[in-house]
Amino acid sequence: MHKSYCETPARLKKNDVTCHAELEAIRIAVRKLGIINLSGCILYSTHEPCGMCSYAIRFYKIKKVVYLHTTKYLGGVSSSLPLLVINEVPPHLNDAPIIVQLEM
């Protein structure tokens with residue numbers, strides 16, 4: 001059986017749908033660095049961040065996002081609401097990060 005993108009170990013262990021790997025990485029970075037401005041950070045992910053993760057990436061000012069696979073329907077770059085790359089966002093969100101999609 002195919003494992004769903006949302007079936008991350010953290011999400012399954014904590015029974016919390018918001019425990020995407022990107023959000024877990026952001027939570028760890030904020031806790032370890034003691035800051036909320038992550039503009040010096042690069043986020044690496046196997047999948048294109050979803051809308052929820054994209055909002056957090058922009059909020060925490062992450063400067064670059066690198067991923068491999070697109071995320072059908074809800075991706076922050078390729079969906080009908082590309083939150084990672086659009087300019088029409090609330091003023092408290094940072095500019096769009098640099099986006100790099102790796103090729104296999």
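**Figure 1. Order of the secondary-structure elements in the protein chain.** From the N terminus on, the elements follow the order α-α-β-α-β-β, which amounts to 3 helices and 3 strands. The model shown is predicted. The protein chain comprises 104 residues, of which 33% count as buried. Among the contacts in the protein chain with a separation of 6 or more, 53% are made by residues 24 or more positions apart. The exposed area of the protein chain is about 6,700 Å², and carbon and sulfur atoms supply 60% of this area.

**Figure 2. Packing of helix α3.** Helix α3 spans residues 51-59. Its buried residues are C53, S54, A56, I57 and R58. Against the buried residues of α3 pack three other elements, namely α2 (21-33), β1 (42-47) and β2. In an α-helix there are 3.6 residues a turn, so residues three or four places apart point the same way. Just after α3, a positive phi of about 65° is found at K61.

**Figure 3. A nonpolar patch on the surface.** The patch consists of I36, Y55 and F59, which together have about 270 Å² of accessible area. Y55 belongs to helix α3. Because its relative accessible area is 34%, Y55 is classed as partly exposed.

**Figure 4. Surroundings of Y60.** Y60 lies in the loop that joins α3 and β2. With a relative accessible area of 21%, Y60 is partly exposed; the cut-off for a buried residue is under 20%, so Y60 does not count as buried. When neighbours within four places in sequence are left aside, the residues in contact with Y60 are I26, V30, I36, N37, L38 and S39. For one of these partners, N37, the C-alpha to C-alpha distance to Y60 is 5.4 Å, although 23 residues separate the two in sequence.

**Figure 5. Cysteine residues and the absence of disulfides.** A disulfide is a covalent bond between the sulfur atoms of two cysteines. The number of disulfides in the model is 0. For C50, the closest cysteine sulfur is that of C53, at 3.7 Å; this separation is too far for a bond, because a disulfide requires sulfur atoms within 2.5 Å. C50 is buried, as its relative accessible area is 6%. C53 is likewise listed among the buried residues of α3. A further cysteine, C19, has a relative accessibility of 2% and therefore counts as buried.

**Figure 6. Polar contacts and neighbours of S79.** S79 is located in the loop between β2 (64-69) and β3 (98-101). Its relative accessibility is 14%, so S79 counts as buried. Two polar contacts of the S79 side chain with backbone atoms are shown in this view. In one, the side chain of S79 reaches the backbone oxygen of G75 at a distance of 2.6 Å. In the other, a polar atom of the S79 side chain lies 3.1 Å from the backbone nitrogen of L81. Apart from neighbours within four places in sequence, S79 is in contact with E48, Y73 and L74.

How values were computed
Residues are numbered from 1 along each chain as its sequence is written. This is a predicted model: local features need pLDDT of at least 70, side-chain atom pairs count only at pLDDT 80 or more; totals for chains, interfaces and linings use all residues. Side-chain values use heavy atoms; hydrogens and water are left out. Helices (H or I, at least four residues) and strands (E, at least two) are DSSP runs, numbered from the N terminus. Buried means under 20% relative accessible area, exposed over 50%, partly exposed in between (1.4 Å probe, protein chains only). A polar contact is a pair of N or O atoms within 3.5 Å; within protein, one must be able to donate a hydrogen and the other to accept it, and residues adjacent in sequence count only if both atoms are side-chain atoms. Contact means heavy atoms within 4.5 Å. Accessible areas come from the Shrake-Rupley method with a 1.4 Å probe; for residues, only the protein chains shown count as cover. Patches are made of residues with over 30% relative accessible area and no salt bridge: like charges are joined within 9 Å, nonpolar side chains (Val, Leu, Ile, Met, Phe, Trp, Tyr) within 5 Å. A salt bridge is a side-chain nitrogen of Lys or Arg within 4 Å of a carboxyl oxygen of Asp or Glu.
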